[in-house]
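Trainee: I am new to this model. Please take one part, the disulfide and its surroundings, and walk me through it closely.

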Amino acid sequence: QVQLVESGGGLVQAGGSLRLSCAASGTIFSINPMDWYRQAPGKQRDLVAVIRSGGNTDYADSVRGRFTISRDNAKNTVYLQMNSLKPEDTAVYYCHAGVQTRPGSPVFSYWGQGTQVTVSS
């Protein structure tokens with residue numbers, strides 16, 4: 001009943017920028033938190049950035065100062081602005097959200113399909 005649709009990935013040179021978007025649709029009462037993860041080949045899926053209610057954010061040490069997460073609650077959308085990209089940022093990036101479908105219901109995790117980000121040197 002809930003879908004997360006990602007966009008904005010692609011190929012960019014080191015030092016460049018990309019902006020990822022993830023829009024949630026379906027039967028949604030509330031979404032909290034919203035996060036971005038990434039997974040490189042042969043590696044585990046790691047948290048990149050999280051945004052909570054009221055705009056509180058946190059970042060992985062490897063991206064702090066270069067990436068910015070934001071959300072538009074009216075649009076059920078989360079963004080990841082990625083600046084000063086490095087080859088080690090190359091990975092599949094996944095949007096994640098904790099969703100309530102009605103008041104008082106449990107919070108379930110939903111994932112996007114992933115979008116490829118490739119940074120060349």
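Mentor: Here is a close look at the disulfide, followed by the strands and the core around it.

This is a predicted model, in which local features need pLDDT of at least 70 and side-chain atom pairs count only at pLDDT 80 or more, while totals for chains, interfaces and linings use all residues. Residues are numbered from 1 along each chain as its sequence is written, and side-chain values use heavy atoms, with hydrogens and water left out.

Start with the chain as a whole. It has zero helices and eleven strands. Helices (H or I, at least four residues) and strands (E, at least two) are DSSP runs, numbered from the N terminus. The radius of gyration, taken over C-alpha atoms, is set against a globule rule of 2.2 Å times the number of residues to the power 0.38. The chain comes out at 14 Å, close to the 14 Å that the rule gives for 121 residues, so it is as compact as a globular protein of that length. Along its principal axes, the C-alpha trace spans about 50 × 25 × 25 Å.

Now the disulfide. A disulfide is a covalent bond between the sulfur atoms of two cysteines. Here the term is applied to a pair of cysteine sulfur atoms within 2.5 Å. The structure holds one. It joins C22 to C95, with S to S at 2.1 Å. The link ties distant parts of the chain: C22 sits in strand β3, C95 in strand β9, and 73 residues separate them. The angle about the S-S bond is -80°, and the link is left-handed. Both C22 and C95 are buried. Buried means under 20% relative accessible area, exposed over 50%, and partly exposed in between (1.4 Å probe, protein chains only). Of the 121 residues of the chain, 39% count as buried.

Next, the sheet that holds β3. Four strands form an open sheet in the order β1-β3-β8-β7, with antiparallel pairing. Two strands pair if DSSP finds at least two bridges between them. The edge strands are β1 (2-7) and β7, and each pairs on one side only. From one strand to the next, the twist averages 15°. For that angle, axes are lines fitted to C-alpha atoms, for helices over the stretch in contact, and angles run from 0 to 180 degrees between N-to-C directions. Strand β3 covers residues 18-26, and strand β8 covers residues 77-82. These two pair in the antiparallel sense over six bridges. One bridge partner in β8 is Y79, which faces S21.

Then the core. A nonpolar core is a set of buried Ala, Val, Leu, Ile, Met, Phe, Trp, Tyr and Cys residues joined through side-chain atoms within 4.5 Å. The largest one has 28 residues, of which W36, L80, M82 and Y93 touch the most other members. Elements giving two or more residues include β3 and β9 (91-100). Strand β9 gives the most, with five residues. W36 is found in strand β4, and its relative accessible area is 0%, so it counts as buried.

Last, a residue in a loop. R66 lies between β6 and β7 (67-72). R66 is buried too, with a relative accessible area of 11%. Not counting residues up to four places away in sequence, R66 touches Q81, M82, N83, S84, L85, K86 and D89. Contact means heavy atoms within 4.5 Å.
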